[in-house]
Amino acid sequence: MKTDDRPFVEIFADGACSGNPGVGGYGAILRSGEKERELSGCEKMTTNNRMELLGVIAALEALKKPCRVRVISDSNYVVKGMTEWVKGWLRNNWKNSQKKDVLNRDLWERLLKACEPHEIKWEWIRGHNGHCENERCDQLARNAIEKCRERI
């Protein structure tokens, strides 16, 4: 039996918003073995959910080859979106259970594309609960918000 030789990567991601909508930021940590990489970014007018999505998207888009990935997020919106809701949205032409357009469709589509080459397991954790990587991602997101504000 052949073992899977694709690299294993853990992705921790978080988003934050000052006002909702308002200035927003995201932070992500990619970890493979002993190697770590941090990512962050911001937008001047956005929502918390968009930043949560962008944190995961940025991390997945940073991967240069197919990987086995574990995504850890405190966002039920992202985790349930990918594990429960997206199949129904696709089946119903991007309509939610209330027959309304799915919010943030542009980012959900981008996330689906970013997922394609990888095998991904999604894991939800409680936010602001002392999880060191989640706390670090939250700080990266908040720092990104401050940098964005400086440019306004």
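This report describes the sheet, two of the helices that lie across it, and the cysteines of a predicted model.

The sheet is open and is built from five strands in the order E3-E2-E1-E4-E5, with mixed pairing. Strand E3 (35-46) and strand E5 (119-124) stand at its edges and have a single partner strand each, so one side of each is left without a neighbour in the sheet. From one strand to the next, the twist averages 20°. Strand E4 (residues 68-73) and E5 run parallel and are joined by six bridges, and Val-71 stands opposite Trp-122 in E5.

Helix H1 (residues 48-62) lies across strand E1 (8-19), strand E2 (22-32), E3, E4 and E5, and runs at about 150° to E1. Helix H2 (residues 76-91), for its part, lies across E4 and E5, running at about 135° to E5.

The structure holds one disulfide, which joins Cys-42 to Cys-148 with an S to S distance of 2.5 Å. This link is right-handed, with 85° about the S-S bond. Because Cys-42 lies in strand E3 and Cys-148 in helix H4 (residues 132-151), the pair ties together parts that are 106 residues apart in sequence.

Cys-67 is in no disulfide, and the nearest cysteine sulfur, that of Cys-115, is 12 Å away. Cys-132 is likewise in no disulfide; here the nearest cysteine sulfur belongs to Cys-137 and is 9.7 Å away. The table lists the relative accessibility of four cysteines.

| Residue | Relative accessibility | Class |
|---|---|---|
| Cys-42 | 22% | partly exposed |
| Cys-148 | 3% | buried |
| Cys-67 | 4% | buried |
| Cys-132 | 54% | exposed |

Definitions and conventions: Residues are numbered from 1 along each chain as its sequence is written. This is a predicted model: local features need pLDDT of at least 70, side-chain atom pairs count only at pLDDT 80 or more; totals for chains, interfaces and linings use all residues. Side-chain values use heavy atoms; hydrogens and water are left out. Two strands pair if DSSP finds at least two bridges between them. Helices (H or I, at least four residues) and strands (E, at least two) are DSSP runs, numbered from the N terminus. Axes are lines fitted to C-alpha atoms, for helices over the stretch in contact, and angles run from 0 to 180 degrees between N-to-C directions. Contact means heavy atoms within 4.5 Å. A disulfide is a pair of cysteine sulfur atoms within 2.5 Å. Buried means under 20% relative accessible area, exposed over 50%, partly exposed in between (1.4 Å probe, protein chains only).
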